[in-house]
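The following exercises ask the reader to work through the architecture of one protein model, step by step. Each task is followed by its solution.

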Amino acid sequence: MRMSDIQRCEVRPGRLVEWTLSPATVATAKALPEDSRPPAYIQESHLRTARSVREDGLFVPTWLGAAFDLPGRADLDALGAALRDWTLRHETLRSGFRWAGGPGDSIRRFTLDADSVSLHREDAGDFTDAAALAQHLQDRFDTTADALRWPNLIYTAVVRDDSTSVYMAFDHSNVDAFSIYRIPAEIHELYAAHRSGRTPDHAPVSSYVDFCEAERADADRLDADHEIVARWREFIRRCDGRLPSFPVDLGLEPGGALPTQKLMREMLVDADAAAAFEAYCRPCGGTLVGLLAATALIVQEIGGASVYRTVVPFHTRARSAYSDSVGWYVGGAPIEVPVARTPDFPAALTTVRNALHAARPLARMPLARVLRLLGTDFRPTSPDMYSIVSYTDTRSIPDSPHWTERNAYGLIRVSYGDQVCAWVTRLHEGLWFAARHPDTHVAHKNLRLYADRLRDIVLSVADRAPHTRR
């Protein structure tokens with residue numbers, strides 16, 4: 001799926017229908033006792049960041065979403081049943097949090113039984129203007145899929161005679177990009193079953209709520225003397241006591257207000273070039289290693305950084321039981337690339353490979369737990385703790401060959417932030433690039449230069465690669 005904002009995901013006019021958790025479901029949730037399973041550290045950090053930024057007077061939406069088409073005028077009863085079945089399949093979507101107050105202001109979980117969950121459908125009217133519809137959807141998602149409310153998800157459909165577009169939004173606390181990528185195939189399968197009167201044949205999936213409990217118990221066994229904590233302590237020290245930003249000028253004033261952001265998104269290279277680049281980089285680990293090596297060289301060109309420091313996101317779905325599970329299964333590994341000692345791409349490739357091999361085990365330990373043990377005051381003032389360059393190969397995901405014909409997109413909310421978050425996605429058509437960056441002239445110029453140089457390096461490396469069939 002191409003990552004995009006909602007304004008550029010081919011929204012077309014039609015009749016808008018919405019599904020939210022029903023008033024009866026919400027009332028039941030309010031009376032639920034505490035679920036003893038705690039939030040994941042990444043969830044807790046997300047919620048505390050959202051509250052901190054809100055207390056500073058800024059509303060910063062952080063939802064993620066999915067968009068895709070169904071053929072023809074949808075059977076809304078069958079689609080509603082499919083959406084409810086999918087919601088019940090993933091326990092985190094019927095689980096939420098309350099602020100407990102008192103010392104430490106703790107966060108407590110509650111979780112609905114499946115039998116208590118129902119969806120409420122509402123007709124939101126006809127929209128004849130695509131831009132007005134896209135803005136309406138963004139406003140609804142901002143209000144409903146908000147980190148500091150519950151429920152924080154919403155499903156919608158834009159119904160037309162020739163096709164129906166489905167748009168779904170979730171606060172980030174319940175989903176990651178990999179969760180989003182799997183949505184179109186699951187909803188298509190459930191919808192087809194309900195339309196034909198079949199009972200959906202879906203094997204159960206493991207619960208992200210259970211994963212949160214297990215991961216947190218494991219993380220809580222760490223102490224401040226653990227090697228992982230020591231390695232993060234040294235990394236942050238070399239970053240001047242902060243987590244790393246993208247090391248190019250973004251045109252920001254120190255101590256200034258949190259800037260608005262822009263999204264850059266485009267096809268980087270086609271499938272043949274992507275395959276050739278992968279083939280060249282494979283002895284050192286593949287495309288991710290190559291993209292980070294290229295980035296290290298480019299940021300030295302643009303900003304003069306002698307060392308490229310970044311936190312590389314990795315999924316934490318260590319067991320196959322979690323491969324189909326919806327949740328926020330992401331950790332981060334800190335790496336350093338001494339670019340001054342890597343004069344060319346092959347040298348940078350080897351350096352990044354070695355750095356990733358040494359750092360990857362650190363991604364299994366939640367960074368929020370490490371920061372707590374470090375005793376460092378990282379009071380969040382931005383929704384992004386650090387800048388990232390992320391890579392995902394989506395070609396093995398069910399129905400991915402049909403994403404283009406189904407207008408399938410992963411939706412990113414672009415609002416405020418002082419970091420650069422870049423995602424490179426391997427599609428069947430090639431490498432897709434998307435990046436959120438501060439909306440300044442300097443940042444746009446340097447991110448434009450970064451994307452162009454990244455394309456240049458990928459193409460030049462692909463030209464040197466052995467002949468590759470895609």
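**Exercise 1. Describe the sheet of seven strands: its strand order, its edges and its twist.**

Step 1. In this predicted model, seven strands make an open sheet with the order E1-E13-E3-E8-E7-E2-E6, and the pairing is mixed.

Step 2. Strand E1 (2-4) and strand E6 (119-127) are the edge strands, each pairing on one side only.

Step 3. Direction ignored, neighbouring strands of this sheet are turned by 20 degrees against each other on average.

Step 4. At the E1 edge, three bridges join E1 to strand E13 (residues 409-412), and the two strands run parallel. Within E13, Tyr409 is the bridge partner of Arg2.

Step 5. Helix H3 (residues 76-89) lies across strand E2 (14-21), strand E3 (63-71), E6, strand E7 (153-159) and strand E8 (163-171). The direction of H3 is at about 35 degrees to E2.

**Exercise 2. Determine the order of the four-stranded open sheet, and state which helices pack on it.**

Step 1. The strand order is E9-E15-E14-E12, with mixed pairing.

Step 2. E9 and E12 each have a single partner strand, so one side of each is left without a neighbour in the sheet.

Step 3. From one strand to the next, the twist averages 15 degrees.

Step 4. E12 pairs with strand E14 (residues 421-427) in the parallel sense, over six bridges. Here Val389 stands opposite Ala422 in E14.

Step 5. Two helices are to be placed. H9 lies across E9, E14 and E15, running at about 85 degrees to E9. H10 packs on the sheet and touches E12 and E14, its direction making about 155 degrees with that of E12.

**Exercise 3. Compare the span of helix H13 with the expected value, and identify what its buried residues pack against.**

Step 1. Helix H13 (residues 441-464) has 24 residues. From its first C-alpha to its last, H13 reaches 35 Å, close to the 34 Å expected at 1.5 Å a residue.

Step 2. The buried residues of H13 are Ala443, Asn446, Leu447, Tyr450, Ala451, Leu454, Arg455, Ile457, Val458, Val461 and Ala462.

Step 3. To interpret this list, recall that an α-helix has 3.6 residues a turn, so residues three or four places apart point the same way.

Step 4. The packing partners of these buried residues include strands and helices: strand E9 (261-270), strand E12 (388-393) and strand E15 (430-438), together with helix H9 (271-281), helix H10 (287-303) and helix H11 (345-359).

**Exercise 4. Classify the crossing of H2 and H12, and describe the residues of the contact.**

Step 1. Helix H2 (residues 41-55) and helix H12 (residues 367-374) pack with their axes 7 Å apart, at an angle of about 75 degrees.

Step 2. Angles of 65 to 115 degrees count as roughly perpendicular, so H2 is roughly perpendicular to H12.

Step 3. From H2, Tyr41, Glu44 and Ser45 meet Ala368, Arg369 and Arg372 in H12.

Step 4. The residues of this contact divide into two nonpolar, one polar and three charged.

**Exercise 5. Which backbone features of Glu10, Asp240 and the bond between Trp150 and Pro151 deserve attention?**

Step 1. The background is that most residues other than glycine have a negative phi, and most peptide bonds are trans.

Step 2. Glu10 is not a glycine, yet has a positive phi of about 65 degrees. Glu10 lies in the loop between E1 and E2 and is partly exposed, with a relative accessible area of 37%.

Step 3. Asp240, also not a glycine, has a positive phi of about 60 degrees. Asp240 is placed in the loop between helix H8 (227-238) and E9. With 60% relative accessibility, Asp240 counts as exposed, the cut-off being over 50%.

Step 4. Trp150 and Pro151 are joined by a cis peptide bond, with omega about 0 degrees. Pro151 is in the loop between helix H4 (130-144) and E7.

**Exercise 6. Where is Ser323, and with which residues is Ser323 in contact?**

Step 1. Ser323 is located in the loop between strand E10 (308-315) and strand E11 (330-337).

Step 2. The relative accessible area of Ser323 is 30%, which makes Ser323 partly exposed.

Step 3. Leaving aside neighbours within four places in sequence, Ser323 is in contact with Phe178, Arg182 and Arg317.

Step 4. Ser323 and Glu253 are 70 residues apart along the chain, and their C-alpha atoms are separated by 42 Å.

Note on methods: Residues numbered from 1 in each chain as written. Predicted model: local features only at pLDDT ≥ 70, side-chain atom pairs only at ≥ 80, totals over all residues. Heavy atoms only, no water. Expected span 1.5 Å × (residues − 1). Buried < 20%, exposed > 50% of the residue type's maximum accessible area, 1.4 Å probe, protein only. Contact = heavy atoms within 4.5 Å. Pairing = 2+ DSSP bridges. Axes fitted to C-alpha atoms, helices over the stretch in contact; angles between N-to-C directions. Parallel < 35°, antiparallel > 145°, perpendicular 65-115°, else oblique. Nonpolar A, V, L, I, M, F, W, Y, C, P; charged D, E, K, R; others polar.
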